[in-house]
Amino acid sequence: MKSELLCVNCGHQMLHTKLPKYVVNTYLLQPVVCLDVPVEKCPNCGEIYFPAEVAELFEEIRSECFEIRDKITMEIPACSLDLALAG
Ligand SMILES: [Zn+2]
């Protein structure tokens, strides 16, 4: 869906879309993954703009005033330096 906003970067018309996952780091550095985040995205250069109400929610999440109702499990890549250094 087309947005009325123009990209601040390249002037292209932005599109309403959703980010499947967006990580917000809280002030205590506990990352919170937000799912299905509504954004305006530039199809030309990939610039992303968060609507004001979304930015406000991020601020609540950062200051930990926001009630977290769910948890997800993610796999994060890991590597042992021991093996690499021994080789
Ligand atoms: Zn752009």
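## The central pairing: β2 and β3

Val-23 has Val-33 in β3 as its bridge partner. The two strands concerned, β2 and β3 (residues 31-41), pair in the antiparallel sense, and 10 bridges hold this pairing in the predicted model. β2 and β3 also form a hairpin, with 5 residues between them. In the turn of that hairpin, Leu-29 has a positive phi of about 65 degrees.

Within strand β3 lies Asp-36. Asp-36 is not a glycine, yet its phi is positive, at about 55 degrees. Is Asp-36 buried or exposed? Asp-36 has 9 other C-beta atoms within 10 Å, so it is exposed; the limit for that class is 12 or fewer.

## The sheet as a whole

How many strands does the open sheet have, and in what order? The sheet has 4 strands in the order β1-β2-β3-β4, and the pairing is antiparallel. Its edge strands, β1 and β4, each pair on one side only.

## The two edges

At one edge, β1 (residues 2-6) runs antiparallel to β2 (residues 13-25), and 2 bridges join these strands. Leu-6 stands opposite Gln-13 in β2. The hairpin formed by β1 and β2 has 6 residues between the strands. Gly-11, in the turn of this hairpin, has a positive phi of about 80 degrees.

At the other edge, 2 bridges join β3 to β4, and these strands also run antiparallel. Here Glu-40 has Tyr-49 in β4 as its bridge partner. The hairpin of β3 and β4 has 6 residues between the strands. Gly-46 in this hairpin takes a positive phi near 85 degrees.

## Helix α1 and the loop after it

Helix α1 covers residues 52-62, which is 11 residues. How many of the residues of α1 are buried? The number is 0, so the helix lies largely in the open. α1 is followed by Glu-64, whose phi is positive.

Glu-64 belongs to the loop between α1 and α2. Its positive phi is about 60 degrees, although Glu-64 is not a glycine. With 13 C-beta neighbours inside 10 Å, Glu-64 counts as partly exposed.

The loop between α1 and α2 (81-86) also holds Ile-68. Ile-68 has 10 other C-beta atoms within 10 Å, so it is exposed. How far apart are the C-alpha atoms of Ile-68 and Pro-43? They are separated by 32 Å, and the two residues are 25 residues apart along the chain.

## Overall form

The protein chain has 2 helices and 4 strands. From the N terminus on, the elements run β-β-β-β-α-α. Why is the chain described as more spread out than a compact globule? Its radius of gyration is 18 Å, whereas the globule rule gives 12 Å for 87 residues; the computed value is well over that, so the chain is more spread out than a compact globule. Along its principal axes, the C-alpha trace spans about 55 × 35 × 20 Å.

Of the 87 residues in the chain, 5% are buried. What share of the contacts between residues at least 6 apart in sequence joins residues at least 24 apart? In the protein chain this share is 46%.

## Confidence of the prediction

The mean pLDDT of the protein chain is 91. A pLDDT of 70 or more is reached by 100% of the residues. Which elements have the lowest and the highest mean pLDDT? Among the elements of the chain, β1 has the lowest, at 87. Strand β4 (residues 48-49) has the highest, at 95. Both of these elements are edge strands of the sheet.

Conventions:
Residues numbered from 1 in each chain as written. Predicted model: local features only at pLDDT ≥ 70, side-chain atom pairs only at ≥ 80, totals over all residues. Rg over C-alpha atoms; globule rule 2.2 N^0.38 Å. Buried ≥ 20, exposed ≤ 12 C-beta atoms within 10 Å, placed from the backbone. Contact = placed C-beta atoms within 7 Å. Pairing = 2+ DSSP bridges. pLDDT = per-residue confidence, 0-100.
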